[in-house]
Structures are given as C-alpha cells and as structure tokens.
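Here are some friendly notes to read alongside the model. Keep the 3D view open and find each residue as it comes up.

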Amino acid sequence: MTALLEVEDLRVSYGKIEAVKGISFTVDTGEVVTLIGTNGAGKTTTLRTISGLLKPTAGQIRFGGKPLRRYRPDQIVALGLAHSPEGRHIFPSMTIEDNLRLGAYLRNDRAGIEADIRKAYDLFPILGERRRQAAGTLSGGEQQMLAMGRALMSQPRLLMLDEPSMGLSPIMMQKIMSTIAELKAQGTTILLVEQNAQAALSLADQGHVMETGNVVLSGSGSNLLHDESVRKAYLGED
C-alpha cells in the first residue's frame, strides 16, 4: 500500500548552503510521524518544502501518489495537505472567526464550513467564547490553537504542525499536546515538528531524528523515546 506522503532523497539549499541533505521518510494514513532535532537541523525547511513554499534542489515528494513539484502552495492545500507554521502567523487585526474562515478559503460548501467552525470551537472552547475578538488579543497558546484550527478548516488529509509548543507555558504546552493526542484518536494524519522531544515521541507512531540536514536515526516513537543516545541528546538525561 502506498504511503500518503513519501519523501525520497530530498535536498534543499539556501544559495550554496545545503540545509536538507538527502532525507527520506513516509507518513501513512492515520499515523503521527515526528521530526525531532536541534535548531538548524532542517526540520522546518523540510515542512516548508513539502508545502511548496521552498523548491527542492533534488529528490521527490509525493502526496497521495502525486509528485508535488508541479503544484503551487495553494494547489497543495487543495490536494489535502495543511501546514500550521512555526510562529503561528495568524492575522492579528481580524477576528478569531474570520481567521478560521480563511482556512476554508478554497472551499465552497457553506454548510460544511459552518459545521467545521463548530468543530473547531468544540476542540478549542476558548476560541468559541472569544470568536468576535481580534486574534491579536489572544495569548501565545490561544494563538497556537487558532493556527491549528485554521489549518483544520481546509479538511486536510495530512496536517503538518511546526513547533506547536514553542514559547508556551508548561500548562499551555500540555493543552496543545493533549489536543494533538485527541486529533490522533480521531484518525487525523499528522506530521509533527517539535523541539519537545519527549512530548513528540510519546505521541508519535514513527519518529526521525535530524541533525544538520540528515536523518540520523529512525524508529517507532516508543523505541526512540527509550533509546539511550536520544535520551542523552534530546531528553537531557545523563
């Protein structure tokens, strides 16, 4: 059976600097797959290339069996691949609800859009309570909820989350991770980039450790969580 997402020998450069150096991995339908590693490992570059924001210098990305190189970012969203970016990138002067509606800009099924807005409010009740507020008045964690809700509004077959816990308090980080676990239980396919390696590997079916543009270790989330080298390098254990 063909994987939903296939990344094969992917290489990405910024000028003369090669940021991603021939990595390969797959994401199957219903899986949570995580990429972990330090800053500069190439994780965000990988997601940005999958979503069409960057062009690879070599390699293949296939989604649902289709090579993505020929598609624009908006067309990639239309294929069913949504990207909640690092830094959230909400529209601060717009209301929470209008930010959510922007996530459905490629859709024309009005009843379905309204139903999915209600689902977003069920998933993130605080957003429903403040739906008429300007998004810029939200806390960092609430903005992350909004960014995730907006990505879900496109009804993605694959949801890519880039550093969803970055800069959040421990309590808010736990809320975000609990929400990702809930999405997983609902069958959402997720590619997760996350610096909190313990939280990410605890959720993941499969994980890949990246260092300086290379995948240096792969395995199940559980096996990587208990791997001695991973525990020393990324979980702060001696």
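1. Let's begin with Arg-132. This is a predicted model, and in it Arg-132 counts as exposed, at 62% relative accessibility. The cut-off for calling a residue exposed is over 50%. Arg-132 forms a salt bridge with Glu-97, and the closest N and O atoms of the two are 3.8 Å apart. Glu-97 sits in helix α3, while Arg-132 belongs to the loop between α5 (125-129) and α6, so the pair ties together parts that are 35 residues apart in sequence.

2. Is Glu-97 buried or exposed? Glu-97 is buried, with a relative accessible area of 8%, whereas Arg-132 is exposed. Both of them belong to a network of salt bridges that also links Arg-101 and Glu-114. Across the whole structure, a search finds 14 salt bridges.

3. Two other salt bridges deserve a look. Lys-184 pairs with Asp-205, where the closest N and O atoms are 3.7 Å apart. This pair links distant parts of the chain, with Lys-184 in helix α7 and Asp-205 in the loop between α8 (197-203) and β9 (206-211), 21 residues apart. Lys-184 is partly exposed at 27% relative accessibility, and Asp-205 is partly exposed at 29%. By contrast, Glu-228 and Lys-232 both lie in helix α10 (residues 228-234), four residues apart, about one turn of the helix. Their side chains meet in a salt bridge of 3.2 Å, N to O. Glu-228 is exposed, with a relative accessible area of 55%, and Lys-232 is partly exposed at 47%.

4. Now turn to Arg-150, in helix α6. Which side chain of opposite charge is nearest to Arg-150? That is Asp-162, 12 Å away; Arg-150 is buried yet has no salt bridge. A salt bridge needs its nitrogen and oxygen within 4 Å. Leaving aside residues up to four places away in sequence, Arg-150 touches several others, including Pro-85, His-89, Phe-91 and Asn-99.

5. Phe-91 is a good next stop, in the loop between β6 and α3 (96-102). Phe-91 is partly exposed, with a relative accessible area of 41%. Beyond residues up to four places away in sequence, Phe-91 touches Asn-99, Leu-102, Ala-135 and Arg-150. Phe-91 and Ala-135 are 44 residues apart along the chain, yet their C-alpha atoms are separated by 6.6 Å.

6. Arg-150 also appears in the largest pocket, which has a volume of about 490 Å³. Of the 19 residues lining this pocket, Val-77, His-83, Pro-85, Tyr-105 and Arg-150 lie nearest its centre. The largest share of the lining, four residues, comes from β6. By class, the lining divides into eleven nonpolar, six polar and two charged residues.

7. The second largest pocket holds about 340 Å³ of space. Its lining has 17 residues, and Lys-119, Leu-152, Leu-183, Gln-186 and Thr-188 are the closest to its centre. Which element gives the most to this lining? Helix α4 does, with four residues. Seven residues of the lining are nonpolar, six polar and four charged.

8. Finally, look inside. The structure holds one cavity of 30 Å³ or more, and the largest cavity has a volume of about 110 Å³. Among the 14 residues that line the largest cavity, those closest to its centre are Thr-49, Pro-56, Ile-61, Leu-68 and Arg-69. Strand β4 provides the largest share of this lining, three residues.

Key: Residues numbered from 1 in each chain as written. Predicted model: local features only at pLDDT ≥ 70, side-chain atom pairs only at ≥ 80, totals over all residues. Heavy atoms only, no water. 1 Å grid on protein atoms, 1.4 Å probe; cavity = no way out; pocket = protein on both sides within 12 Å on 5 of 7 lines; lining within 4 Å. Points joined across faces, edges and corners; volume = space filled by probe spheres on them. Helix = DSSP H or I, 4+ residues; strand = E, 2+ residues; numbered from the N terminus. Nonpolar A, V, L, I, M, F, W, Y, C, P; charged D, E, K, R; others polar. Buried < 20%, exposed > 50% of the residue type's maximum accessible area, 1.4 Å probe, protein only. Lys, Arg positive; Asp, Glu negative; His and termini not counted. Contact = heavy atoms within 4.5 Å.
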